[in-house]
Each structure stands twice: as structure tokens, then as C-alpha cells.
Amino acid sequence: MAKSAKTLSKRPGSSKDVKSKEQPPVADFDVSTMYGEEQGSGGETHQTAGGDVATLTTAQGIPVADDQNSVKQGARGPALLEDGHFREKMFHFDHERIPERVVHARGYGAHGYFELTESLSDVTRADVLQRVGERVPAFVRFSTVAGSKGSADLARDVRGFAVKLYTQEGNWDIVGNNIPVFFIQDAIKFPDLIHAAKPEPDRDFPQAQTAHDNFWDFISLTPEAMHMVMWTMSDRAIPRSLRTMEGFGVHTFRLVNAEGKSTFVKFHWKPKQGLQSVAWNEAVKINGADPDFHRRDLWDAINAGDFPEWELGVQLFDDAFADSFDFDVLDATKLIPEELVPVRIVGRLVLDRAVDNFFAETEQVAFMTQNVPPGVDFSNDPLLQGRNFSYLDTQLKRLGGPNFTHIPINAPKCPMAHFQQDGHMAMRNPKGRANYEPNSWGAAQGGPREDPARGHVPVPMTEDGPKQRVRSETFADHYSQARQFFMSQTPIEQKHIGDALVFELSKVERPDIRSRTVSHLLNIDATLADTVADGLGLDMPDAAKAARPTIMDLPTSDALSIAKNGPDNFKGRKLGILLTDGADAAIFNALVKAVDSEGANYEVVAPKIGGVTLSDGTAVAAKQKIDGGPSVLYDAVAVVASAEGAALLAVDAAAKDFVTDAFAHCKFIGLTADAKALFEKAGIADDLDEACMPLAADKDAVAFLTACRALRHWPREMKVDLDAQPAA
Ligand code: HDE
């Protein structure tokens with residue numbers, strides 16, 4: 001179609017381009033202070049054709065005249081050793097990398113704040129939990145566990161959810177996951193678990209995947225992992241966004257009040273955005289289309305002023321509850337159902353500022369479970385005890401010395417004083433004469449002193465028993481809560497768990513490992529075991545020997561399902577609009593308006609990145625060319641095409657994939673009458689269902705966006721999946 005003369009003012013191709021939202025307010029912590037004067041906008045300036053700019057210097061501050069050429073003896077002669085600028089630049093470059101985290105290497109962080117909404121002064125003396133309305137700065141790092149630093153975001157994996165609260169009584173790290181239980185009960189098994197999950201040592205693959213022999217070999221020999229496996233095979237392990245996952249402290253901790261009374265506590269972070277996940281086939285494709293899907297989503301949301309928020313919830317309980325509970329509260333493979341101990345909401349965590357520099361902040365942040373303020377203490381959970389020992393070692397290895405607390409992201413934001421000194425990169429050596437205590441140098445020169453009233457005091461527990469390597473007999477039930485989790489899922493969620501197990505085990509080569517895994521499933525749910533054995537074409541093995549019989553009738557818990565805890569709006573999600581030349585301008589405008597009023601975003605996908613010209617002559621820029629904007633990148637899609645446009649799209653493989661994938665992933669689809677030609681060529685025109693909604697007039701746009709609030713049209717999955725078909 002010829003471009004009309006009216007195309008001068010171009011509409012933006014995505015809602016991100018439209019809104020010029022205000023920048024988030026800068027929180028207390030300003031990383032720029034770490035750079036001193038010589039970097040960034042500081043330092044000497046000089047004039048260039050483009051205006052005043054900072055003068056390039058060496059790290060020693062010596063102005064650089066020429067950064068394009070090394071010093072040579074003659075234009076074609078040898079380079080000279082005296083070239084200090086060259087040597088310094090290369091030396092620094094050669095040392096840019098630090099070891100990646102041995103687990104949780106792939107991560108993304110953001111700043112924000114924590115605000116107390118309900119005082120916990122009755123159960124804890126922790127300063128940060130006293131006064132309603134008070135805020136402290138926070139830094140959160142989300143991560144996958146198994147993949148290396150450059151791996152893709154949507155691996156099937158647990159997500160780390162590590163929170164650092166910069167309180168007035170020091171840093172409090174809640175180093176949790178998006179799953180409330182763990183694979184193992186005793187920290188001594190952690191190296192084995194991680195070795196088994198990482199790429200196999202001889203071949204160094206597969207990357208960021210548990211679908212391989214070593215992982216399932218270990219798991220099938222470790223029945224305590226079965227509860228966690230149910231979670232990692234569920235859609236919890238493929239979240240739609242870092243903003244749509246829960247966080248859990250996992251272990252039982254203690255809160256301690258001013259009288260020294262201790263109460264057990266489990267920590268929960270509940271996303272205001274609701275729980276949302278993607279489909280597995282979608283995750284696989286997202287990893288190819290945009291391996292940075294999660295970090296881009298968080299970055300975009302925060303920079304658009306759509307700040308993600310979580311509520312802090314606590315489950316509080318005493319010894320009497322712990323003694324009466326079916327399971328041991330020290331066993332990290334168990335959770336406490338919310339129906340049994342309600343989650344009390346006491347605060348909110350808001351992420352409102354992206355990092356200035358990924359390395360300085362996200363890569364160098366050092367979380368440690370042992371960082372707890374007075375008023376918070378540990379339980380005897382053997383996994384937690386092992387973690388308290390381990391995290392300091394990892395920081396020393398990664399950050400290169402004992403002074404990693406001098407790095408701004410790790411430094412407390414409250415007054416601090418101690419006698420630790422020297423070491424690599426020491427930036428804060430104590431002043432004055434005394435560097436030891438006790439000393440007799442008096443208040444002015446003698447340095448800090450202990451404070452028995454303010455200081456951290458462990459709960460004076462009396463422990464007794466023989467010294468032995470042993471696992472408590474109270475940790476022996478491995479299947480009951482796995483079953484409870486499975487039974488608490490909606491049918492489509494149960495199907496996804498079955499599908500995931502079949503997928504993972506189909507990548508396992510040894511039949512005995514597949515079989516051994518199914519033998520555990522028999523202790524969880526016979527139908528699930530049947531589905532998986534059938535999906536693998538496996539003879540049903542005998543059930544695994546269980547130390548404790550499965551409790552078959554634990555009550556189900558709605559809190560465990562994603563589907564039952566989804567959002568009730570389309571806010572913060574993204575509509576992909578496939579647009580062609582000549583597309584109906586009124587319908588496009590109505591869609592954009594409806595997206596805006598939902599507080600959602602859109603992106604225009606078009607045959608050419610230069611954009612399209614609508615029916616009224618308006619030019620619209622594209623955000624993505626079809627090949628670069630597959631429908632997996634969007635929560636819902638609309639195809640707004642003219643007859644000529646649809647005919648062109650119908651010959652394009654990427655355009656056909658756009659609609660067949662959106663359909664297969666059970667997305668809501670809006671389409672104009674002319675767009676149907678594309679669906680016909682893609683072979684799905686006859687299957688369109690009630691979630692494929694006609695866009696004939698403006699008002700249809702509102703109805704479509706309202707329908708999109710539901711996450712997906714899951715009933716469709718039964719029609720598009722071979723595994724869902726009744727056996728012939
Ligand atoms: Fe970690 N874990 N972990 N872990 N973990 C690390 O610390 C470890 C465990 C978790 O964004 C390491 O700084 C042991 C459970 C998160 O920087 C390391 C054991 C849970 C992060 C380490 C566990 C976690 C880590 C690697 C068994 C959920 C990323 C780099 C007892 C409650 C933090 C680092 C970030 C990171 C050890 C088990 C969560 C090696 C020994 C259970 C979210 O120290």
C-alpha cells in the first residue's frame with residue numbers, strides 16, 4: 001500500500017515510547033559516591049565540538065591525549081614498554097572478571113525500600129520491625145540456581161529471592177527462594193545436589209537444565225527431595241516475571257522480644273502483581289527469542305515507574321505448635337500450610353530503582369544468612385546452620401578479600417565501629433590510637449565498646465545429646481507433603497507437573513533412573529505415576545520403599561496453587577499487536593486506549609521495523625520486526641491487519657508462528673475480520689474458540705482487554721496437546 005502524504009507525525013511503536021513517566025525518587029543509597037571525583041561527570045572538563053566533556057585520564061589521574069594508538073618507535077615500528085596508559089588499560093581489562101557464584105550465578109538486582117505496616121514489637125526487638133510507616137533501604141537480587149552467569153532467564157529452575165535490608169541495626173539478609181521448601185535436609189548434601197544439577201563434568205552440558213541423567217540419578221536416590229521436585233516440576237519454576245513470584249525464607253527462624261521470649265517464624269514475600277507463570281513450550285522459545293526476558297522485564301517496569309511490590313508476611317508459632325505439627329519445623333523439606341498458621345502481613349517491599357552499574361551492585365552484592373539484627377535468631381535447622389557457615393567463604397573467594405563490606409552495596413547504612421583493619425583494598429581503617437580492646441585510652445581515643453543492652457544475644461537454648469552424624473527420625477516422612485502439594489493444584493497445573501516430569505525424564509538416558517523416579521511418584525499419587533510411566537512408555541515399577549507411609553488425607557491448600565492466586569487485572573503485562581499497512585486505525589487506537597486504561601503495555605510488531613501506515617494515513621513505528629517479536633514475548637496478542645496486509649503475512653513463516661504459538665500457548669487473541677486469512681494459512685482458523693475474540697469495532701477492544709485479565713484460556717490446552725488426548 002502506498003504511503004499517504006499524511007504520514008509525517010509518527011506514532012510510537014510501544015507504550016514504553018509513549019509514556020514519559022517520572023524517574024523514580026533516588027533512595028538513600030548513592031553508588032556514585034564510590035567512584036570519587038575522577039569518574040563519570042566529575043573531574044576536569046574541556047571543550048569539544050559537542051560541548052564540555054570530562055577529560056579522559058588514566059586510573060592515576062594523568063590526562064590522556066590519544067586513546068586510539070599505542071606508543072611506537074616510528075609509525076610502523078615496535079610498541080614501547082614505557083606506554084603506561086596502554087599497560088594500565090590492558091592490565092585492568094585482563095582482570096575484569098571475578099569468579100561467578102558457584103550457584104545462583106545468573107541474577108538481577110534492584111534497589112527499593114521496605115516499609116513496616118504492622119508492628120511486631122510484641123514478638124521481636126528488631127528495630128526495623130517496631131514502628132509502622134518507617135522505611136529502610138533494600139536491595140533484592142533474583143536469580144536462577146543452576147545456570148552460569150550467561151545462561152538464559154527462563155530455565156526450569158528454582159529462583160533465588162535474596163533481600164538485603166539496610167536497617168539501623170545493621171544489614172539483615174533474608175536469602176530465600178521462590179519455593180518454600182528445599183531438596184535436602186542437611187547442608188552436607190549441598191555439594192552433591194549442586195554437582196548433580198550442574199552440567200555433567202566430562203562433557204560440560206547440559207547448561208542450566210535439570211533434564212539429564214546425573215540430576216535425576218541423584219534425585220531418585222534422595223527421597224527427601226520429592227516434595228521440592230513437585231514444586232520444580234510445577235509452573236513455579238517457569239515464572240512469567242520476577243515480579244510475579246513469591247519469595248520464602250524457607251527455614252524456620254526465631255524472633256526474640258525485649259524480654260528475651262522467642263517465637264518461631266517463617267518469612268513470606270507475596271507479590272502484589274499476583275502469581276503468574278509461562279507455559280513450558282513457551283519458555284523454551286522465549287529463551288531463544290530473548291534470553292534476558294526476566295531482567296529486561298524488571299528493568300523496563302522499574303524504569304517506566306511501574307514499581308513491583310511484595311508484602312512481607314510472617315507465620316508465627318510457638319513450641320506447642322511445633323510439637324503438635326505432623327512434621328518437624330526444623331526440616332527444610334516441609335512447609336507449614338497457611339491454613340494451619342495464617343500469614344500475618346506486616347510490611348511492604350517496593351523496588352523503585354534499577355542499578356547504576358550491574359557489576360558494582362548486582363554482581364558484588366554479598367548475601368549471608370548469618371546477617372540478622374538483634375531480635376532475629378536462628379533455629380537448629382541443619383540446612384540453615386550449614387548455610388550460616390558457608391556464605392562467608394563464598395564471599396572471600398568471589399570478592400577477593402575480607403573487606404567486601406567496604407564495597408558500597410555491602411556496607412551497612414547505619415553507624416558502625418570495630419577494630420578490624422588492613423587487608424586487601426581496605427578503605428575504612430579505624431582512626432585513633434587504639435586498635436584493640438579492652439584498652440585504657442578513654443572515650444576519645446579508645447574506640448568502640450560492647451553494648452550488652454543493644455547487642456545481638458543468642459537465644460539461650462539448652463542443647464543436649466550425644467555427638468554423632470545422624471539425621472533426626474522426625475525428618476523421615478518424604479512423601480506426604482509432596483502429595484499435599486500435588487493434590488492442591490488445579491487439574492491444568494497437575495497436568496503441567498506430569499508433562500514436566502515426562503519431559504525431564506525423556507532426556508534421561510538410563511531406563512533404571514526413569515523407573516526409580518516413577519517408583520517414588522507411586523508414593524505421592526498413583527495417577528501421576530501412571531501418567532508419567534505412560535508418557536515414557538515404561539512398565540510400572542514397584543513403589544519405592546518408604547521410611548514412613550504417606551499420609552493420604554492431608555487437607556489441600558489453595559495457597560499452593562498459582563492458578564488460584566493469579567492477578568485480577570492486566571496491569572503491567574504486555575499486549576503484542578501485529579499490525580500491517582492499511583490496518584483499521586480506529587481499532588488500533590481503541591486497543592491502545594484500552595491497554596492504557598488497564599495500566600498495561602503494548603508493542604507493535606510489523607513486517608518492517610520502519611512501521612506501517614494505518615487506514616487513516618497515520619504512520620505507526622514498529623517496536624519489533626515479526627522475526628524479532630514472536631508472540632512468546634507477549635501475554636496476549638492482537639492481529640490488526642488489512643486484507644492486503646493479511647495476504648502478505650499469510651506467506652510469512654514467522655507470522656504464522658506468531659499466531660500458532662499464541663494459540664498453542666492458550667493466549668487470548670484479538671483479530672480483525674481481515675486478519676482471518678493469516679489464521680487460515682496457519683491452519684488454525686477452524687479451531688478458534690471463545691478466547692479468540694473478534695475486533696470489529698472500538699468497543700471490542702475493551703471487551704478483549706477485559707478477557708485478557710484471566711491469565712490464559714487453559715481449556716484450549718486439552719485440544720492442542722497430544723498428551724491430553726484420550727488413548728486410541
Ligand atoms: Fe545458597 N548459596 N546455599 N541456598 N543461596 C549461595 O552464596 C549454600 C540454599 C540462596 O543473589 C552462595 O553468595 C549452601 C537454600 C540464594 O547473591 C553459597 C546451602 C536457599 C543465593 C551458597 C545452600 C539458598 C544463594 C553462592 C546448603 C533458599 C543467591 C554465592 C545448606 C533458602 C544470593 C553466594 C545472591 C547463594 C551456599 C542452600 C538460597 C555458595 C551451603 C536452602 C538466593 O554460599
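These legends walk through close-up views of a predicted model.

**View 1. The iron atom of the ligand and its protein donor.** Start with Tyr391, the only protein donor of the ligand's iron atom. Its OH sits at 1.9 Å from the iron. To find this tyrosine along the chain, look to helix H10, which covers residues 382-399 and contains Tyr391.

**View 2. Side chains that meet oxygen atoms of the ligand.** Here we turn to polar contacts. In the side chain of arginine 141, an N or O atom is 2.6 Å from an oxygen atom of the ligand. For glutamine 395, the corresponding distance from a side-chain N or O atom to a ligand oxygen is 3.2 Å. Serine 390 also takes part, with a side-chain N or O atom 3.5 Å from an oxygen atom of the ligand.

**View 3. The shell around the ligand.** Step back a little and 22 residues surround the ligand, with Arg101, Arg141, Asn177, Arg387 and Tyr391 coming nearest. Helix H10 gives the most to this shell, supplying six residues. Strand S6 (159-167) and strand S7 (170-177) each bring at least two residues as well. Sorted by class, the shell holds twelve nonpolar, seven polar and three charged residues.

**View 4. The packing of helices H13 and H15.** Now for a helix pair: H13 spans residues 491-506 and H15 spans residues 526-536. Their axes are 9 Å apart and meet at an angle of about 40°, so the two helices are oblique to each other. The H13 and H15 crossing is right-handed.

Technical notes: Residues numbered from 1 in each chain as written. Predicted model: local features only at pLDDT ≥ 70, side-chain atom pairs only at ≥ 80, totals over all residues. Heavy atoms only, no water. Donors = N, O, S within 2.8 Å, 3.2 Å for Na, K, Ca; no water. Helix = DSSP H or I, 4+ residues; strand = E, 2+ residues; numbered from the N terminus. Near = heavy atom within 4 Å. Polar contact = N/O pair within 3.5 Å; in protein donor to acceptor, adjacent residues only side chain to side chain. Nonpolar A, V, L, I, M, F, W, Y, C, P; charged D, E, K, R; others polar. Axes fitted to C-alpha atoms, helices over the stretch in contact; angles between N-to-C directions. Parallel < 35°, antiparallel > 145°, perpendicular 65-115°, else oblique. Left-handed = near helix turned anticlockwise from the far one by under 90°.
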